[in-house]
Amino acid sequence: YQVGALFMAMTGVDDNHPLIRFTDSNTHLFPVDRSAEMGRPAKLLLVDYMSKATWYHLGCFDDLDEGDKGFLTVDDVTRAIEKHFSGSVGRIVVQNMVAAADVNSDGRISREEMLRVTMVNAAARREMDADGSGTLDREEVRNFVRRVISEREEEVQRLVDLVFREHHVEGDDAHIEQSHVLAFVQDSFKIHGVKMPGHKMDRSEITAAKSRLEQMEKGTFHAA
């Protein structure tokens with residue numbers, strides 16, 4: 001798991017001096033002014049991660065794509081999730097799964113989007129690295145695409161080329177570092193779409209919380 005810490009813990013909550021000193025010495029690691037994700041409640045972080053990671057277990061895109069449309073609808077995703085969990089699931093589960101993968105917010109999941117969100121799962125990245133070298137070559141990526149997206153060679157080649165192009169790596173003998181794959185999926189999917197009943201914290205709330213902390217430090221904060 002990637003661990004998300006509430007930024008309040010990094011600014012003096014519980015008077016944890018070792019943590020405060022670490023934060024003061026590494027301010028570049030905690031961009032609380034720019035990163036809404038720093039203030040996400042832990043449950044939302046877990047729901048977001050699991051909504052992405054579960055895609056790896058749903059099967060091959062072409063098998064999920066009923067009618068060979070070239071994209072997955074909410075109905076396609078619902079059938080796949082219910083098959084995976086062997087029963088019906090709540091609507092919010094489906095909504096979170098779709099939101100986790102639907103980068104362009106068009107309400108449907110393309111092959112490219114499913115490939116990217118599948119790569120979020122650490123087990124998927126380990127599977128891709130068949131020889132355990134810590135890097136991915138074209139054949140390893142090709143085999144992974146065949147398993148999770150399609151066995152159609154024209155689609156396989158297009159997606160393999162896309163992966164290497166998006167990682168700015170060229171050449172038939174090119175390799176992608178696993179660390180670069182992790183950075184890529186983190187940049188591709190921001191924590192924003194998932195929901196939980198009773199849990200919400202958007203950027204305005206985080207900004208307000210930070211403002212209250214600053215006021216408290218200055219002794220100017222007065223509770224309503």
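Helices here are DSSP runs of H or I with at least four residues, strands are E runs of at least two, and both are numbered from the N terminus. On that basis the protein has 11 helices and two strands. Read from the N terminus, the order of elements is α-α-α-α-α-α-α-β-α-α-β-α-α.

A quick note on where the values come from. This is a predicted model, where local features need pLDDT of at least 70 and side-chain atom pairs count only at pLDDT 80 or more, while totals for chains, interfaces and linings use all residues. Residues are numbered from 1 along each chain as its sequence is written, and side-chain values use heavy atoms, leaving out hydrogens and water.

**Overall picture**

Burial goes by relative accessible area: buried is under 20%, exposed is over 50%, and partly exposed is in between (1.4 Å probe, protein chains only). Of the 224 residues, 40% count as buried. Contact means heavy atoms within 4.5 Å. Take the contacts between residues at least 6 apart in sequence, and 67% of them join residues at least 24 apart.

A nonpolar core is a set of buried Ala, Val, Leu, Ile, Met, Phe, Trp, Tyr and Cys residues joined through side-chain atoms within 4.5 Å. The largest one here has 36 residues, and Trp55 and Leu115 have the most contacts inside it. Elements giving two or more residues to this core are α3, α4, α5, α6, α7 (122–128), α8 and α9 (153–166). The largest share, six residues, is from α9.

**Three helices and how they cross**

Helices α6, α8 and α9 are worth a look as a set. Axes are lines fitted to C-alpha atoms, for helices over the stretch in contact, and angles between N-to-C directions run from 0 to 180 degrees. Angles under 35 degrees count as roughly parallel, over 145 as roughly antiparallel, 65 to 115 as roughly perpendicular, and the rest as oblique.

| Helix pair | Angle and axis distance |
|---|---|
| α6 and α8 | roughly 110 degrees, within 11 Å |
| α6 and α9 | about 55 degrees, 11 Å |
| α8 and α9 | about 130 degrees, 9 Å |

So α6 and α8 are roughly perpendicular to each other, α6 and α9 are oblique, and α8 and α9 are oblique too. As for handedness, a crossing is left-handed if the near helix is turned anticlockwise from the far one by less than a right angle, and right-handed if clockwise. The crossing of α6 with α8 is right-handed, α6 passes α9 in a right-handed crossing, and α8 with α9 is right-handed as well.

Now for who touches whom. Residue classes work like this: Ala, Val, Leu, Ile, Met, Phe, Trp, Tyr, Cys and Pro are nonpolar, Asp, Glu, Lys and Arg are charged, and the others, Gly among them, are polar. Met114, Leu115 and Thr118 of α6 meet Phe144, Val145 and Val148 of α8. That contact of α6 with α8 has five nonpolar residues, one polar and no charged. On the α9 side, Arg111, Glu112, Leu115 and Arg116 of α6 meet Glu155, Arg158, Leu159, Leu162, Val163 and Glu166. Here the contact of α6 with α9 splits into four nonpolar, no polar and six charged residues.

Helix α6 is largely enclosed by the rest of the structure, because eight of its eight residues are buried. Within α6, leucine 115 is in contact with Phe144, Val145, Val148, Ile149, Leu159 and Val163, leaving aside neighbours within four places in sequence.

**Two loop residues with positive phi**

Aspartate 68 has a positive phi of about 55 degrees although it is not a glycine. Its place is the loop between α3 (61–64) and α4 (74–85), and at 48% relative accessibility aspartate 68 counts as partly exposed. Serine 105, also not a glycine, has a positive phi near 55 degrees. Serine 105 is in the loop between α5 (91–101) and α6, and it is exposed, with a relative accessible area of 58%.

**A buried valine in α10**

Valine 181 is in helix α10 (residues 178–188) and is buried, with a relative accessible area of 1%. Not counting residues up to four places away in sequence, valine 181 touches Met119, Arg125, Leu136, His167 and Ile176. Valine 181 and histidine 167 are 14 residues apart in sequence, with a C-alpha to C-alpha distance of 7.7 Å.
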